[in-house]
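Welcome! Let's get to know this structure through a few questions and answers.

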Amino acid sequence: MAGRVDALYIFLLIVTGMMTLLVFTCLIYFAARYRHRPGVAAEQIEGSTQLEIVWTTIPFIVFMVIFAWGAVVYFKERTPPRDATEVYVVAKQWMWKLEHAEGQREINELHVPVGQDVKMIMTSQDVIHSFFVPAFRIKQDVLPGRYTVAWFRATKPGVYHLFCAEYCGTQHSGMVGSVIVMEPAQYEAWMSGGQTGPLSATGGKVFAELGCVTCHRSDAQGRGPNLQGVFGKPVDLADGRTVIADENYIRECILDPGAKRVKGFQPIMPTFQGLVSEEQVNALVAYIKSLSAAKAGEAAKTNASTVAPQSNPQTQKSQVE
Amino acid sequence: MHDSSIAAVQGTAHGEAHNPALLHHFAEAQQQRDASSLGMWLFLATEVMFFGGLFCAYLIYRLQYFGDFAAASKTLNVGLGATNTAVLICSSLTVVLAVWAAQTARRTLLITSLALTLILGFAFLGIKGIEYNDKFVEHHVPGASFSFDKEPIPGHPGEYANPRHAQIYFALYFVMTGLHALHMIVGIGIFLWLLVMAWKGRFTPEYNTPVEMGGLYWHFVDIIWIYLFPLLYLIDLHK
Amino acid sequence: MSMATAIAQPVERENYLNKEYGVWSWLLTTDHKRIALLYLISITFFFFIGGFFALLIRLELLTPAGDLVQADTYNKLFTMHGMVMIFFFLIPSIPATLGNFLVPMMIGAKDLAFPRINLLSWYLYIIGGVMMLHCMLTGGVDTGWTFYAPFSTNFTNTKIVEAGLAIFVAGFSSILTGLNFVVTIHRMRAPGMTWSRLPLFIWAHYATSIIQLLGTPVVAITIVLVAAERALHLGIFDPKLGGDPVLFQHLFWFYSHPAVYIMILPSMGIVSEIIACFSRKRIFGYHFVALSSIAIAVFGFLVWAHHMFVAGISVYAALVFSLLSYAVAVPSAVKVFNWTATMYKGSIHYDAPMLYAFGFLGLFTIGGLTGLFLSALGINVHVTDTYFVVAHFHYIMVGGAVMGYLGGMHFWWPKISGKLYPEGWARLAALIVFIGFNLTFFPQFVLGYMGMPRRYYDYSHMPEFQVLNVLSTAGATILGVGYLLPMIYFLWSMRYGKPASDNPWNAAGLEWKTASPPPTFNFEEEPVVTWEAYNYDELDAPHKQEVPVAR
């Protein structure tokens, strides 16, 4: 991905370099060639509509090419691959809190295996921050009150800067960390040290502790919708709209249940605003995602979502037929 | 079209009786009038942009939180709001009368119309004050003492509005009507001054630009209210 | 060497400067020329304050560690630098000084349409300025000049409301100036001064004024909402209360993007006048240049969300704004080509104003081209919020707008003061500014692409950024010297400069057909225009002597 960005950058350097050279050459040449000489008058030239059309159209076409290329790159940047591993990020003044789907928690550091698609699902506890890894050419603002997403695939092991790129107060320049890209075997080793259990399992505990299960049963009798397999699917709402149950939808249902109530259910769900932390919301989201996988029933998919995606890409590939 | 921007040749301008109201940098009275008029219209355009930001924010949140906004709107007194609308429309009539009176040298009508406009303006503010007081008493003023529990959403029996979203409604309600009221107060100030000038006999068929410009401003403030009233008071009123 | 003509014995005629003496004759003046000078003094004052903050910023960034000032202080420094430079220097600069002075003269009028409103504009600017100074002296603001919610509404404890009110008041000043110019240009043109005969300076100020009128009220209401949110906890931008912080960004940038065109268009107008005069020919493609100013003003209102590509807007919105951003680049490119083509077969003189125009052309071209990088969505993700953006906008605003402003000050100085500035020193200063500027800001493009984020006071985690930062600071000190020089020699020239003739540059334009300095009512007799703009062929015709206007 970074390579694609750099390719566009180099193209732009060449194009703008050429434009600069053209303009500067003309300027310098005209300045010298037509400098004032006594007795030589300037020639009054009104203009040339033809020339105007040429130098309007050609730049416009060039600009459209740049726009199109930039748009294609951007589209890829903002479309995470389907099977990317997920990392939940909570930004706060002035640190990054990260939690892998497998459960590892990190502060200001993100360990990832090389060659793996990684998707960050991010929110902020307070003000707007921005997740910026220059080496990967990615940046995404992290907002309070909703999730934003970014993704990358590291291609070379190493340690790379992670910066906050949206001014957030006193220690904005201290909100610096690292993305540590490891060989698969090393990552495996790092992963197995100090596991707290997958995020979705934590979510399951929160689900029980908060009493969600009393209404959201796994049969049709519950006062709330059955959440098995709901993630990622369209949901019909009471007000007639249909939305896709993505991370933001799940989050909104927990914090503001009346906003997008499901058709056929009473408006009785209480709000959990102020009663759950961002990390708990992330865990619940991960848990509900895992219910979809469980419903699908395929063992491979279950493994993929509730256990660490196998660090060895070859192994994973062979698992998923 | 007479291009008043190209001033008359010097001789003609000196030929007409020197209007004491003509400022020195203008060549003739018509140019001065046209400049004032264009200036006022441009100023009103800036006011449209000023209120426009608020209307934009209101529209976005209303689309997003429609039910909650409807519930909040229901707690406003439509009767008082409608009365205020009638008051302002009448005041626009009195303003038009004032302008005509100035243009046709009807001094009594001019003074009466200006005075009536002022009375209606004060009436508007008075009614607004009553409404604000009602909101204060009902704890619908955003801030620490805001409360909006168990308010039903019109048309959705059994459902209650989210207080946080209702607070946004009231926030916008107070900022929008508050800004409008501020503009009304300025308008009243302008018309007080016009009344004094009219009393002193300053306005003639040759020179009545201030009345006309004041009138334009007043009409604008009226139109803002014409938009505010249905947007704020009449959400799902039938439900 | 210089083509400026002096006169041997200045006749002490009555002009706008000596008509009346005394502080009150200045503070209660309605003469647009005196008001222009009042503004000149005030904006220069704020320029040096903003510049002082910039100096401190660059000094802090000499070393990776944050060791010169504390984090909070640094955050206030870059915030105040931005607010002062944008709202109290750049936005008023050319329109309120050169615009106020020249717009009536260039169209053959005695004054602006509303002279008393003009004076009110200046007082509003001063009141806003005093409020801002007070705010800075009693703690300042640390949100960045962009004061994004929810940091500005819910988290900072600095004086947002006061700073916001100061900007609100100054904004009113800007609106009234724009209103005055639009009405003046529409209604006060002298006989024969048709739209097609207007100098391009006037077209540029007309376009600028439209933006001032329609855009400024939106930032005004944004400030009102932020102040209300802070004071009353309304929740309009607070997600915890159901609000949306991105809505703030839309409202803010809806003004703040057109604002950058307020800052550059007048400068483009100046450059047109200078290039025409010092090439001794009409601007190539006059109508295209005139209309491109209007096009920039219109399109400029349609691209605001290109500041928000990574803010969480939808991909489709981003596509639309990127496309429109490329559209708005076209008229600027057209202008650069037309200015360059004007020099073809011209007769070019290298006086200081022309040197500044050259500087403008080079630096604005580079700055504008880097805008192409930023509009490309794929690249924007990487370079937004880094020093790349900082470099881009400084190339336009300093390399573009300020160079144009300095060029204009030199060009019209003889008209304003009746004196000639020292040409040798002026050329030296232009060179120093050019070198200092490039050294300050070019390294920042590289820094940005390397990944140095904006608004960082401490980069000790990335010591590899130090070399470029040191270069940048070195450039800033040189630039500072370059800016001090004109201050000094302009002041010097008021007392010791050679007296100027009515038209020392033999330039086209009605302002040059009256005395230097002009009489209070500008013209002895109302001009009647029977010639096209930029009639340099007539002015340079060999048989023609400089015939003074009848006194």
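Q: In which loop of chain C is Pro517(C) placed?
A: This is a predicted model, and in it Pro517(C) sits in a loop of chain C. The peptide bond leading into Pro517(C) from Ser516(C) is cis, with omega near -10°. The loop that holds Pro517(C) is the one between α15 (466-496) and α16 (536-539).

Q: Which residue does a cis peptide bond join to Gln93(A)?
A: The bond in question has an omega of about -5°. The partner of Gln93(A) lies in the loop between β1 and β2 (95-100) of chain A. That partner is Trp94(A).

Q: Is Arg137(A) buried or exposed?
A: Arg137(A) lies in the loop between β6 (129-133) and β7 (138-142) of chain A, and has a positive phi of about 60° although it is not a glycine. A residue is buried if 20 or more other C-beta atoms lie within 10 Å of its own. Arg137(A) has 24 such neighbours, so it counts as buried.

Q: How many C-beta neighbours inside 10 Å does Phe147(C) have?
A: Phe147(C) belongs to the loop between α4 (115-137) and α5 (151-155) of chain C. Its phi is positive, about 25°, although Phe147(C) is not a glycine. Phe147(C) counts as buried because its number of C-beta neighbours inside 10 Å is 26.

Q: Which residue of β8(A) is the bridge partner of Val118(A)?
A: Val118(A) is in β5(A), where it is also the bridge partner of Thr85(A). Seven bridges join β5(A) to strand β1 (residues 85-92) in parallel, while six join β5(A) to strand β8 (residues 148-153), running antiparallel. Six of the eight residues of β5(A) are buried, so this strand is largely enclosed by the rest of the structure. On the β8(A) side, the partner of Val118(A) is Phe152(A).

Q: At which residue does α7(C) bend?
A: Helix α7 (residues 200-232) of chain C has 33 residues and reaches 48 Å from its first C-alpha to its last, close to the 48 Å expected. Of those 33 residues, 28 are buried. The bend is about 30°, and Pro217(C) follows within four residues of the bend site, Gly215(C).

Q: Which helix gives the most to the side of chain C that touches chain B?
A: In this pairing, 35 residues of chain C are in contact with 30 residues of chain B. α6 (160-187), α7 and α8 (245-279) of chain C each supply at least two residues of that side. By class, the side has 24 nonpolar, six polar and five charged residues. The helix that gives the most, with ten residues, is α7(C).

Conventions. Residues are numbered from 1 along each chain as its sequence is written. Chains are lettered from A and ligands numbered from 1 in the order in which they are written. This is a predicted model: local features need pLDDT of at least 70, side-chain atom pairs count only at pLDDT 80 or more; totals for chains, interfaces and linings use all residues. The expected span of a helix is 1.5 Å times one less than its number of residues. The bend at a residue is the angle between axes fitted to the seven residues ending there and the seven starting there. A residue is buried if 20 or more other C-beta atoms lie within 10 Å of its own, exposed if 12 or fewer, and partly exposed in between; C-beta atoms are placed from the backbone. Two strands pair if DSSP finds at least two bridges between them. Two residues are in contact if their C-beta atoms, placed from the backbone, lie within 7 Å. Ala, Val, Leu, Ile, Met, Phe, Trp, Tyr, Cys and Pro count as nonpolar, Asp, Glu, Lys and Arg as charged, and the others, Gly among them, as polar.
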